[in-house]
Amino acid sequence: MVDVELGSDEKLVRKIERIIISGVRHEVTLTDKRLIIAESESGKVRRNAEYPQVLVAILGTNRLREPEISITFT
């Protein structure tokens, strides 16, 4: 499990532990202010974005009928 430092005025909303990005397992942490994507093995943060930086989020399914999400950031 990846430990993410939260600001003193920030609240954890949800942590999702089984996300695959380019074949690598990641964890997504949602707070009331930002979205944080980190590699599960190394803990390396790949994206730390405040919600105004998220332009588009599209939900769908892949050809194996697994859920997927496409997120575009500024």
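Two strands count as paired if DSSP finds at least two bridges between them. The exercises below apply this criterion to a predicted model.

**Exercise 1. Describe the overall make-up of the protein.**

*Solution.* Begin with the secondary structure: the protein has zero helices and six strands. Along the sequence these elements give the pattern β-β-β-β-β-β. Next, consider the extent of the chain: the C-alpha trace spans about 40 × 30 × 20 Å along its principal axes. Then turn to the surface. The protein exposes about 5800 Å², and carbon and sulfur atoms supply 49% of that area. Of its 74 residues, 20% count as buried. Finally, take the contacts between residues at least 6 apart in sequence: 16% of these join residues at least 24 apart.

**Exercise 2. Determine the strand order of the open sheet, and explain why E1 and E4 stand at its edges.**

*Solution.* The sheet contains four strands in the order E1-E2-E3-E4, and the pairing is antiparallel. Strand E1 (12-21) and E4 each have a single partner strand, so one side of each is left without a neighbour in the sheet. Neighbouring strands of this sheet are turned by 15 degrees against each other on average, direction ignored.

**Exercise 3. Trace the pairing of E3 with E2 and with E4.**

*Solution.* Take the E2 side to begin with. Strand E2 (residues 24-31) pairs with E3 in the antiparallel sense over five bridges. Two positions illustrate the register: Glu 27 has Ala 38 in E3 as its bridge partner, and His 26 stands opposite Glu 39 in E3. The connection from E2 to E3 is a hairpin through two residues.

Now take the E4 side. E3 and E4 run antiparallel and are joined by five bridges. Here Arg 34 stands opposite Glu 50 in E4. E3 and E4 also form a hairpin, with five residues between them. In that turn, Gly 43 has a positive phi of about 80 degrees.

The last step concerns burial: E3 is mostly covered, with five of its six residues buried.

**Exercise 4. Classify Ser 40 as buried or exposed, and list its contacts beyond four places in sequence.**

*Solution.* Locate the residue: Ser 40 is in the loop between strand E3 (34-39) and strand E4 (45-50). Its relative accessible area is 17%. The cut-off for a buried residue is under 20%, so Ser 40 is buried. Neighbours within four places in sequence being left aside, Ser 40 is in contact with Val 2, Glu 17, Arg 25, His 26 and Glu 27.

**Exercise 5. Characterise Lys 11 by its place, its accessibility and its separation from His 26.**

*Solution.* Lys 11 lies in the segment before E1. Its relative accessibility is 60%; because the cut-off for exposed is over 50%, Lys 11 counts as exposed. Leaving aside neighbours within four places in sequence, Lys 11 is in contact with Thr 31 and Asp 32. As for His 26, Lys 11 is 15 residues from it in sequence and 21 Å from it in space, C-alpha to C-alpha.

**Exercise 6. Identify the residues of the nonpolar surface patch, and place Leu 55 within the fold.**

*Solution.* The patch is made by Leu 55, Val 56 and Ile 58, and has an area of about 270 Å². Of these residues, Leu 55 is in strand E5 (residues 54-61). Leu 55 counts as exposed, at 54% relative accessibility.

Definitions and conventions:
Residues are numbered from 1 along each chain as its sequence is written. This is a predicted model: local features need pLDDT of at least 70, side-chain atom pairs count only at pLDDT 80 or more; totals for chains, interfaces and linings use all residues. Side-chain values use heavy atoms; hydrogens and water are left out. Patches are made of residues with over 30% relative accessible area and no salt bridge: like charges are joined within 9 Å, nonpolar side chains (Val, Leu, Ile, Met, Phe, Trp, Tyr) within 5 Å. Accessible areas come from the Shrake-Rupley method with a 1.4 Å probe; for residues, only the protein chains shown count as cover. A salt bridge is a side-chain nitrogen of Lys or Arg within 4 Å of a carboxyl oxygen of Asp or Glu. Buried means under 20% relative accessible area, exposed over 50%, partly exposed in between (1.4 Å probe, protein chains only). Contact means heavy atoms within 4.5 Å. Axes are lines fitted to C-alpha atoms, for helices over the stretch in contact, and angles run from 0 to 180 degrees between N-to-C directions.
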